[in-house]
Amino acid sequence: MTKIDLSNMVTESMVTESRNPASSDIDQLSTLDMLRVINDEDKKVAIAVEKTLPQIAKVVDKVAEAFRQGGRLIYSGAGTSGRLGILDASECPPTYGTKPEQVIGLIAGGHQAILKAVENAEDNRKLGTGDLKELHFNQRDILVGIASSGRTPYVLGAMEYAKSVGATVACISCNPVSPMTQLADIAITPVVGPEVVTGSSRMKAGTAQKLVLNMITTGAMIRIGKIYGNLMVDVEATNAKLIERQKNIVMAATECSRETAEKTLNACGGHCKTAIVMILSGISAEEAKKLLKKHQGLIRPSISKDR
């Protein structure tokens with residue numbers, strides 16, 4: 001596969017690296033006025049993300065289909081972008097009861113780079129490829145490259161490898177024209193404009209990336225039945241707070257008493273979905289589990305009259 005040439009992409013020409021006239025004198029403002037400037041710029045982020053909703057929807061549907069086929073969602077990023085991918089991936093198991101290997105965040109430089117920058121790691125194209133190979137990345141998986149600049153070599157290496165094995169490749173970048181957007185099957189490009197502090201892409205660009213990542217995993221989890229109504233019915237009770245959340249979820253979904261919710265959860269091993277189907281259909285835990293398995297974990301068809 002032909003590698004994307006970065007030599008003709010001048011840093012100063014990128015939207016994320018340009019100077020913001022709204023903050024040109026920010027160092028002379030009062031603290032309150034300084035924060036108003038930052039806040040006014042932050043207000044632009046959601047609007048920029050809104051313009052990319054059709055592309056985000058395509059990625060959500062691709063990810064949901066990959067999950068149904070046993071595939072994985074892999075994020076590849078460096079610096080702030082890599083950390084955001086890891087954050088999103090790490091929150092899926094406790095929130096949706098997924099296996100840790102279903103959504104994985106990769107960062108240039110590995111685990112050490114989560115807390116401290118690893119020199120030159122993001123400039124290593126082969127490292128991006130190698131990290132995917134270590135995961136046995138294949139065509140059933142989805143890769144989402146994350147880089148505000150759209151030109152990070154580590155991410156491009158991962159994207160090129162993912163394309164070479166026939167996988168769907170998406171990217172999240174805040175520069176509309178970049179090597180990453182040219183390479184991706186689906187390019188999500190919320191153009192948030194120049195940062196308040198020139199080049200500090202952990203600010204608006206980072207916020208935009210976080211919003212998009214939230215949508216991708218939340219949307220995909222909804223599509224595969226991890227949400228019933230707006231309740232996270234596959235949440236795992238790993239602490240006292242989440243045990244109470246499970247009870248509240250069952251109560252909200254079925255309008256039952258706390259006593260019934262607790263009794264039913266105990267009867268089915270603390271699985272919200274099973275408890276909900278048991279209560280709404282008046283059946284045993286074993287029957288509820290069979291129905292959920294038959295309907296790929298979806299509650300609505302499991303409780304329908306035609307089940």
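Helices here are DSSP runs of H or I with at least four residues, numbered from the N terminus, and in this predicted model the one called H8 is followed by Gly-225, a residue whose phi is positive, near 90°.

Begin by selecting residues 204-223, which make up helix H8; its 20 residues reach 28 Å from the first C-alpha to the last, close to the 28 Å expected at 1.5 Å a residue. Colouring the buried positions of H8 will pick out, among them, Lys-204, Gln-209, Val-212, Leu-213, Ile-216 and Met-221.

Stay on Ile-216 and display its surroundings: leaving aside residues up to four places away in sequence, Ile-216 touches Ile-56, Val-59, Val-60, Val-63, Leu-73, Tyr-75, Ile-172 and Ile-188. Together with Leu-73 and Val-144, Ile-216 touches the most other members of the largest nonpolar core, which has 35 residues. The elements giving two or more residues to this core are H1 (31-50), H2, S1, H3 (79-96), S3, S4, S5 and H8.

Next, show the strands, where an open sheet of five follows the order S2-S1-S3-S4-S5 with parallel pairing. Its edges are S2 (103-107) and S5 (186-188), each of which pairs on one side only, and the twist averages 20° from one strand to the next. Within the sheet, select residues 73-77 and 142-146, the strands S1 and S3, which pair in the parallel sense over five bridges; here Ile-74 stands opposite Leu-143 in S3.

Finally, add residues 53-68, helix H2, which lies across S1, S2, S3, S4 (168-172) and S5 and runs at about 125° to S5.

Definitions and conventions. Residues are numbered from 1 along each chain as its sequence is written. This is a predicted model: local features need pLDDT of at least 70, side-chain atom pairs count only at pLDDT 80 or more; totals for chains, interfaces and linings use all residues. Side-chain values use heavy atoms; hydrogens and water are left out. Two strands pair if DSSP finds at least two bridges between them. Axes are lines fitted to C-alpha atoms, for helices over the stretch in contact, and angles run from 0 to 180 degrees between N-to-C directions. Contact means heavy atoms within 4.5 Å. The expected span of a helix is 1.5 Å times one less than its number of residues. Buried means under 20% relative accessible area, exposed over 50%, partly exposed in between (1.4 Å probe, protein chains only). A nonpolar core is a set of buried Ala, Val, Leu, Ile, Met, Phe, Trp, Tyr and Cys residues joined through side-chain atoms within 4.5 Å.
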